Amino acid sequence: MIVRSFADITDTDRHVRSRSGTWESKRIVLAKENVGFSLHETTVFAGTETSMWYANHIEAVLCVEGESELTDEETGEKHWITPGTMYLLDGHERHTLRPHTDSRYLCVFNPPVTGREDHDENGVYPLLTEGEVNRP
């Protein structure tokens, strides 16, 4: 059994801050736990824009705080994301998140991330294994 709190993760190697400065993530469950998924609490900052494309992962996202506009870059469709709203990127959709307020999300990734990932120039998390390092 693993028991872990956000306080346990803050300012450790599981507390990842993006190079872009648009988000930070507390990586609660990682690939090294060998459970088939990873679980994160991610905060995206008001007034920023983050374009993402999880070409190597499926992600489920549940908003627990804040308000953001989500654009499906494949279709142009826009969605208003508020607490209690979930979106699932089951088709590797390119998407852009524009938070109007600081917004917190609980995110599940499959395959699980190692905790070192950050978006590359295309908004993609590389598919890393435990021995690899994410290079910009």
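**Exercise 1. Find which residue stands opposite leucine 62 in strand 8, and then follow strand 5 to its partner strands.**

Leucine 62 stands opposite methionine 86 in strand 8, where strands (E, at least two residues) are DSSP runs numbered from the N terminus, as are helices (H or I, at least four residues). This is a predicted model, in which local features need pLDDT of at least 70 and side-chain atom pairs count only at pLDDT 80 or more, while totals for chains, interfaces and linings use all residues. Residues are numbered from 1 along each chain as its sequence is written, and side-chain values use heavy atoms, with hydrogens and water left out.

Next, count the bridges, given that two strands pair if DSSP finds at least two bridges between them. Strand 5 and strand 8 (residues 86-89) run antiparallel and are joined by four bridges, whereas seven bridges join strand 5 to strand 10, again antiparallel. In strand 10, the residue opposite leucine 62 is leucine 106.

**Exercise 2. Describe the open sheet of four strands, and state which strands stand at its edges.**

Begin with the order, which is 4-9-6-7, with antiparallel pairing. Strand 4 and strand 7 (78-81) each have a single partner strand and therefore stand at the edges, with one side of each left without a neighbour in the sheet. Neighbouring strands of this sheet are turned by 25 degrees against each other on average, direction ignored, the axes being lines fitted to C-alpha atoms, for helices over the stretch in contact, and the angles running from 0 to 180 degrees between N-to-C directions.

Then look at one edge: four bridges join strand 4 to strand 9 (residues 94-99), and tryptophan 53 stands opposite arginine 94 there. Arginine 94 also lies over the face of tryptophan 53, at 3.7 Å from the ring centre; this requires NZ of Lys or CZ of Arg within 6 Å of the ring centre and within 35 degrees of the ring normal.

**Exercise 3. Identify the aromatic pair and classify its geometry.**

A search of the whole structure finds one aromatic pair. The ring centres of tyrosine 54 and phenylalanine 109 are 5.1 Å apart and the planes stand at 90 degrees, so the pair is edge-to-face. By definition, rings of Phe, Tyr and Trp (its six-membered ring) pair if their centres lie within 6.5 Å, and planes under 30 degrees apart count as stacked, over 60 as edge-to-face and the rest as tilted.

Finally, place the two residues: tyrosine 54 is in the loop between strand 4 (50-53) and strand 5 (58-65), and phenylalanine 109 is in strand 10 (residues 103-110), 55 residues apart. Both tyrosine 54 and phenylalanine 109 are buried, meaning under 20% relative accessible area, with exposed over 50% and partly exposed in between (1.4 Å probe, protein chains only).
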